[in-house]
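Please open the model in your viewer and keep the selection tool at hand. The stops below say what to select next and what is there.

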Amino acid sequence: MNVLDFNVLSQKGEDVSLRDYEGKVLLIVNTATHCGFTPQYEGLEALYKKFNDKGFEILDFPCNQFAFQARESDEGINKVCSLRFGTTFPRFKKIKVNGKDAIPLYKYLVEQTGGKKIGWNFTKFLIDREGNIIERFGSKVTPEEIESKIEAAL
């Protein structure tokens with residue numbers, strides 16, 4: 001089993017198989033629009049523009065579990081991200097990343113990286129082209145700090 005074996009929900013609530021991303025390097029991120037780390041959206045978009053044509057995708061999962069910092073609807077979150085930060089990478093339905101209501105993908109990501117729950121917004125998981133986890137990065141690790149690891153994975 002690996003990341004590609006999971007299905008997630010699009011912003012519109014449609015089922016999306018992560019198999020659709022097979023052969024791509026992925027950065028899976030839980031995000032929020034009202035967080036001290038929200039400016040990382042700019043760095044994420046820069047990475048996406050730099051590496052997308054080489055097979056890199058960012059999968060954005062808004063999460064309201066941390067101090068209600070993603071309080072808008074899915075549509076509202078998309079508007080903030082698109083208008084304020086100019087993001088163009090795929091964004092999915094708002095999720096929970098911890099606890100009994102965490103989506104199966106995040107339960108798996110946490111379990112496979114030592115079992116420590118997600119500490120805050122903008123925790124990042126780098127995934128190789130076959131769906132295996134390369135590394136987990138905490139919220140304070142900026143997109144710019146992991147650029148070389150993305151490049152190596154590509």
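## A walk through the sheet

Begin by selecting strand β4, where both faces are covered: F56, I58, D60 and P62 on one side, and E57, L59 and F61 on the other, are all buried. The strand spans residues 56–62, and 7 of its 7 residues are buried. Keep in mind throughout that what you see is a predicted model. In a regular strand the side chains alternate between the two faces of the sheet.

Next, add strand β3, residues 25–31, which pairs with β4 in the parallel sense over 7 bridges. To follow the pairing residue by residue, select V25, whose bridge partner in β4 is F56, and then I28, which stands opposite L59 in β4. Now show helix α1, residues 40–51, as well, and you will have β3, α1 and β4 together, which make a right-handed β-α-β unit.

From β3, move across to strand β5, residues 124–127, in which K124 and L126 point one way and F125 and I127 the other way, and all are buried. β3 and β5 pair in the antiparallel sense over 4 bridges, and among the residues to pick out here is L27, whose bridge partner in β5 is L126.

L126 also leads to the next strand, since on selecting it you can look for E135 in β6, which it stands opposite. β5 and β6 pair in the antiparallel sense over 4 bridges, and they form a hairpin with 5 residues between them, where G131 in the turn has a positive phi of about 95°.

With these strands selected together, which order do they take in the open sheet? The 4 strands run in the order β4-β3-β5-β6, and the pairing is mixed. The edge strands are β4 and β6, each of which pairs on one side only. Direction ignored, neighbouring strands of this sheet are turned by 15° against each other on average.

Two helices are worth showing against the sheet. Helix α1 packs on the sheet, touching β3, β4 and β5, and its direction makes about 150° with that of β4. Helix α3, residues 104–112, lies across β3, β4, β5 and β6, and runs at about 105° to β3.

For a closer look at a single residue, select S139, found in the loop between β6 (133–137) and α4 (147–153). Is S139 buried or exposed? Its relative accessibility is 9%, so S139 counts as buried, the cut-off being under 20%. Leaving aside residues up to four places away in sequence, S139 touches F37, Q40, W120, N121, F122, T123 and K124.

Finally, zoom out to the whole chain, whose secondary structure comes to 4 helices and 6 strands. From the N terminus on, the elements run β-β-β-α-β-α-α-β-β-α. Along the principal axes, the C-alpha atoms fill a box of roughly 35 × 35 × 30 Å. A compact globule with 154 residues would have a radius of gyration near 15 Å, and the chain has 14 Å, which agrees.

If you color by accessibility, buried residues make up 49% of the 154 residues, while the accessible surface comes to about 7,300 Å², of which 50% belongs to carbon and sulfur atoms. Among contacts between residues at least 6 apart in sequence, 67% join residues at least 24 apart.

Note on methods. Residues are numbered from 1 along each chain as its sequence is written. This is a predicted model: local features need pLDDT of at least 70, side-chain atom pairs count only at pLDDT 80 or more; totals for chains, interfaces and linings use all residues. Side-chain values use heavy atoms; hydrogens and water are left out. Buried means under 20% relative accessible area, exposed over 50%, partly exposed in between (1.4 Å probe, protein chains only). Contact means heavy atoms within 4.5 Å. Two strands pair if DSSP finds at least two bridges between them. A crossover is right-handed if, with the strands pointing away from the viewer, the path from the first strand over the helix to the second runs clockwise. The radius of gyration is taken over C-alpha atoms; the globule rule is 2.2 Å times the number of residues to the power 0.38. Accessible areas come from the Shrake-Rupley method with a 1.4 Å probe; for residues, only the protein chains shown count as cover. Axes are lines fitted to C-alpha atoms, for helices over the stretch in contact, and angles run from 0 to 180 degrees between N-to-C directions.
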